[in-house]
Amino acid sequence: MTNNSNANAGEIKLELKNLKKSYGDIQAVRGLSLSVKKGQVVAVIGPSGCGKSTMLRCVNILEEPSSGMLRIGNDTIDFSVRSSVPSGSRLAKFRSRFGMVFQQFDLFAHLTAIQNVMIGMTVVQRRTDAEAEERAMSLLERVGLAETRDRLPKELSGGQQQRVAIARALALEPEILLFDEVTSALDPELVGEVLDVMHALASEGATMIVVTHEMAFARDVADWVLFMESGKVVEEGPPQEVLVAPKNDRTKSFLARYHRQ
Amino acid sequence: MNYNWDFFFVIAGYENWWIKGLLVTIAYAVGTVIGGLILGVICGTLLLANRIWLTVPIHMYVELFRCTPVLVQIVWFFFALPILIQVQLPAWLAAGVGLTLYMGCFATEIFRGGIISIDKGQWQAARAIGMTYVQMMRHIILPQAIRRMIPPFVNQSVIQFKNTALLYVVAVPDLMYTGYLVVADTYRPLEVYTGVAVAYFVLLYPLTQWGKRLEARGDK
Ligand SMILES: Nc1ncnc2c1ncn2[C@@H]1O[C@H](COP(=O)(O)OP(=O)(O)OP(=O)(O)O)[C@@H](O)[C@H]1O
Ligand SMILES: [Mg+2]
């Protein structure tokens, strides 16, 4: 089911080294290192406020890290060296190498489902409307939403909105997908349809970092699991080890709290 | 009470005065609303840049003009400012500047309020797909924000239109001041000021209704 074997053999797609991010006095991420291989699915778990979202937003520089190093493909950014940090349109271009999906969906409220998927292609990539529409349609079909193409976000259920958001994230053919608790705002009966789409993406070989509270999903789909606490990685390894037989006491108590629920 | 109404008496012979007064009022209303809008877009945009050396003076301007009567502002620009700068502004300019700055401070708030009412998630999503600031503003933020700005802007324009009657105090010959001149000539304040009130009402009622309709549509 997982693509463990080929993922472990693959090249390193993304690497973070000693990444730090502070907001004033608050150190949200304090020295985080991580590497993701091509086609690998990395699940990130940890208690609320431990810095998972901040880490994810640092990866595509929605937040600029205070220091540390980031490497994607052959490009290296050292956040202590100002000149190596992209800005303006280079930063925008850098961000489009990632596809990001958020907890609150955050679809563009004035655009229909298909327009939400098209807008990155027409505005950022400057593709023609016809080209963008064709690709957007095939992406909507892929997430099972071809019929809702002309509906506004407010006319869609939470699960449908989140699937449109996934299609939007896929539109620019990103190298890495970032998911930030994408099922946490959904009614329980809608979680499955979104996880199914993510599961399919993983089996098709997408490289993904998934912040999640869905332990079953992490166990079944992830190749690698990180447990974070207080802005640091406390334990990491294959899901069978971290989720089933954790070594670290903090991981143990976090998971114990989870299983009790 | 058997007052003998005679509107003909205050119109005949004064047609040119009235037409001019009406045009002056409309010109000031339209001119200062447009001027205020431009000022508001500029100041509102600068506020969004979040630089303290920009935001502090703009907030001071906005609060100063919002928290003083526009009558005081017009009088100040006409009677007080010339002493400071040693140049006498013509009445039409002093009044125009006062009214434009007054409209501008509300337009600034309306513009900024409309922009920041778009939830942070959409800003983040737009940046995440690789839009530049300008692309995000043009394709995501402004289309939604402008829709929200229109009703308060129309309502403020109605208020602004009424405020043009204050041109009277610096003797700019608008509708109100024309009324004063005709009264001085005819000793018929009842007909004159009733007529002036009706003229304002006829101009403003449709605008007010339009504002209400826009607001109702925005609620949906
Ligand atoms: N923009 C910000 N300004 C100031 N502090 C912030 C900001 N964003 C996050 N923080 C702080 O950084 C820490 C980490 O926040 P973060 O949102 O990354 O945690 P999280 O692991 O994603 O939590 P959750 O599971 O609740 O989403 C928290 O203490 C939070 O209060
Ligand atoms: Mg979070």
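Let me start with the surroundings of ligand 1 in this predicted model. The shell around ligand 1 consists of Tyr23(A), Ile26(A), Ala28(A), Ser48(A), Gly49(A), Cys50(A), Gly51(A), Lys52(A), Ser53(A) and Thr54(A). Two elements of chain A give two or more residues to this shell, namely strand S2, residues 26-37, and helix H2, residues 52-59. H2(A) gives the most, with three residues. By character, the shell divides into four nonpolar residues, five polar ones and one charged.

I now follow H2(A) from the ligand to the sheet. H2(A) lies across five strands of chain A: S3, S6, S7 (176-180), S8 (208-211) and S9. With respect to S8(A), H2(A) runs at about 155°.

What is the order of the strands in the open sheet of chain A? The six strands are arranged as S6-S7-S8-S3-S9-S10, and their pairing is mixed. Strand S6 (98-101) and strand S10 (232-237) of chain A stand at the edges; each has a single partner strand, so one side of each is left without a neighbour in the sheet. From one strand to the next, the twist averages 20°.

One pairing in this sheet may be examined in detail. Strand S3 of chain A, residues 41-45, and strand S9 of chain A, residues 224-229, run parallel and are joined by four bridges. Opposite Val42(A) stands Trp224(A) in S9(A).

Let me turn to the interface between the chains. Here 15 residues of chain B are in contact with 20 residues of chain A. On the side of chain B that touches chain A, the elements giving two or more residues are helix H6 (120-128) and helix H7 (133-163) of chain B. H6(B) gives the most to that side, with six residues. The residues on this side of chain B divide into six nonpolar, eight polar and one charged.

H7(B) deserves a separate remark. How does the span of H7(B) between its end C-alpha atoms stand against that of a straight helix of 31 residues? A straight helix of that length would span 45 Å at 1.5 Å a residue, whereas H7(B) spans only 37 Å. Where in H7(B) does the kink lie? The kink, of about 50°, is found at Ile141(B), shortly before the proline Pro143(B).

To close, I return to two helices. H2(A) gives three residues to the shell around ligand 1 and lies across strands of chain A that include S3 and S9. H7(B) gives two or more residues to the side of chain B that touches chain A, and H7(B) carries the kink at Ile141(B).

Technical notes. Residues are numbered from 1 along each chain as its sequence is written. Chains are lettered from A and ligands numbered from 1 in the order in which they are written. This is a predicted model: local features need pLDDT of at least 70, side-chain atom pairs count only at pLDDT 80 or more; totals for chains, interfaces and linings use all residues. A residue is near a molecule or strand if its C-beta atom, placed from the backbone, lies within 6 Å of it. Ala, Val, Leu, Ile, Met, Phe, Trp, Tyr, Cys and Pro count as nonpolar, Asp, Glu, Lys and Arg as charged, and the others, Gly among them, as polar. Two residues are in contact if their C-beta atoms, placed from the backbone, lie within 7 Å. The expected span of a helix is 1.5 Å times one less than its number of residues. The bend at a residue is the angle between axes fitted to the seven residues ending there and the seven starting there. Two strands pair if DSSP finds at least two bridges between them. Axes are lines fitted to C-alpha atoms, for helices over the stretch in contact, and angles run from 0 to 180 degrees between N-to-C directions.
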